[in-house]
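Welcome! Have a look at the model below, and then we can walk through its parts together.

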Amino acid sequence: MEVEADLGGKNMLDNVSISLQPLSNNLDECALGTHNCSEAETCHNIPGSFRCLRFDCPPNYVRVSNTKCERTTCHDFMECRNSPATITHYQLDFQTNLLVPAHIFRIGPAPAFTGDTIALTIIKGNEEGYFGTRRLTPYTGVVYLQRAVPEPRDFALDVEMKLWRQGSVTTFLAKMHIFFTTFGV
Ligand SMILES: [Ca+2]
């Protein structure tokens, strides 16, 4: 935007531009470096704030990416079948007062093969029954929100997926960090 003004014949305001800042509290503290997360933590920006998340791998797991741990060994049939082959962290942001029921994420093997069958179970973090699971196809399921979240709130949900493929069963664990915030303000 250019502004012209008559200042005694000399145009002092040539090429003045205006800058606009949205009137919201949506600063990205993670990008700005104003967060206080430690080296071992991952900064996650949310409207109005930020969170410091830890993606630690438990014993017997090795980190294969910033958000994923892989089991190194398993010793017997039951352990190999029932302990997660991988543990993966995900972060999701939603607005408070999302209309329910609402599918909040889809989960399934990638790639999926003909004959794959899954079962989903929320094994932690759903004590108040905000979430539910259902299968859409034999190899695709969703986690959905079934109770309204009226106030800003964080959830840490452990979702287990069991996959039956060619006669064997493998367990996968998704650790979901879910943030409900009031956008804008
Ligand atoms: Ca923020």
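## Two sheets, one chain

Before turning to the sheets, one term helps: two strands count as paired if DSSP finds at least two bridges between them. With that in hand, you can find an open sheet of three strands, in the order S6-S9-S8, with antiparallel pairing. At its edges stand strand S6 (102–107) and strand S8 (131–137), each with a single partner strand, so one side of each is left without a neighbour in the sheet. From one strand to the next, the twist averages 30 degrees.

Please keep in mind that this is a predicted model. Its chain has two helices and 11 strands, and along the sequence they follow the pattern α-β-β-β-β-α-β-β-β-β-β-β-β.

## Inside the three-stranded sheet

How many bridges join S6 to strand S9? There are five, and the two strands, S6 and S9 (residues 140–145), run antiparallel. To see this pairing at the level of residues, look for Ala-102, which stands opposite Leu-145 in S9.

## The six-stranded sheet

Another open sheet is formed by six strands, ordered S3-S4-S5-S11-S10-S7, and here the pairing is mixed. Strand S3 (61–65) and strand S7 (117–124) are the edge strands, each pairing on one side only. The twist in this sheet averages 30 degrees from one strand to the next.

Within the sheet, strand S5 (residues 86–95) and strand S11 (residues 168–181) run parallel and are joined by 10 bridges. As a landmark in this pairing, try Phe-94: its bridge partner in S11 is Phe-180.

## The nonpolar core

In soluble globular proteins, nonpolar side chains tend to be buried together. Which residues make up the largest nonpolar core here? It has 10 residues in all: Ile-118, Leu-120, Tyr-139, Val-143, Leu-157, Val-159, Met-161, Ala-174, Met-176 and Ile-178. At least two residues of this core come from each of S7, strand S10 (153–165) and S11.

Met-176 is a good member of the core to explore. Leaving aside its neighbours within four places in sequence, Met-176 is in contact with Tyr-90, Leu-92, Leu-157 and Val-159. Among these, Leu-157 and Val-159 also belong to the core.

## The chain as a whole

Stepping back, 11% of the chain's 185 residues count as buried. As for contacts in the chain with a separation of 6 or more, 49% of them are between residues 24 or more positions apart.

Methods: Residues are numbered from 1 along each chain as its sequence is written. This is a predicted model: local features need pLDDT of at least 70, side-chain atom pairs count only at pLDDT 80 or more; totals for chains, interfaces and linings use all residues. Helices (H or I, at least four residues) and strands (E, at least two) are DSSP runs, numbered from the N terminus. Axes are lines fitted to C-alpha atoms, for helices over the stretch in contact, and angles run from 0 to 180 degrees between N-to-C directions. A nonpolar core is a set of buried Ala, Val, Leu, Ile, Met, Phe, Trp, Tyr and Cys residues joined through C-beta atoms within 7 Å. A residue is buried if 20 or more other C-beta atoms lie within 10 Å of its own, exposed if 12 or fewer, and partly exposed in between; C-beta atoms are placed from the backbone. Two residues are in contact if their C-beta atoms, placed from the backbone, lie within 7 Å.
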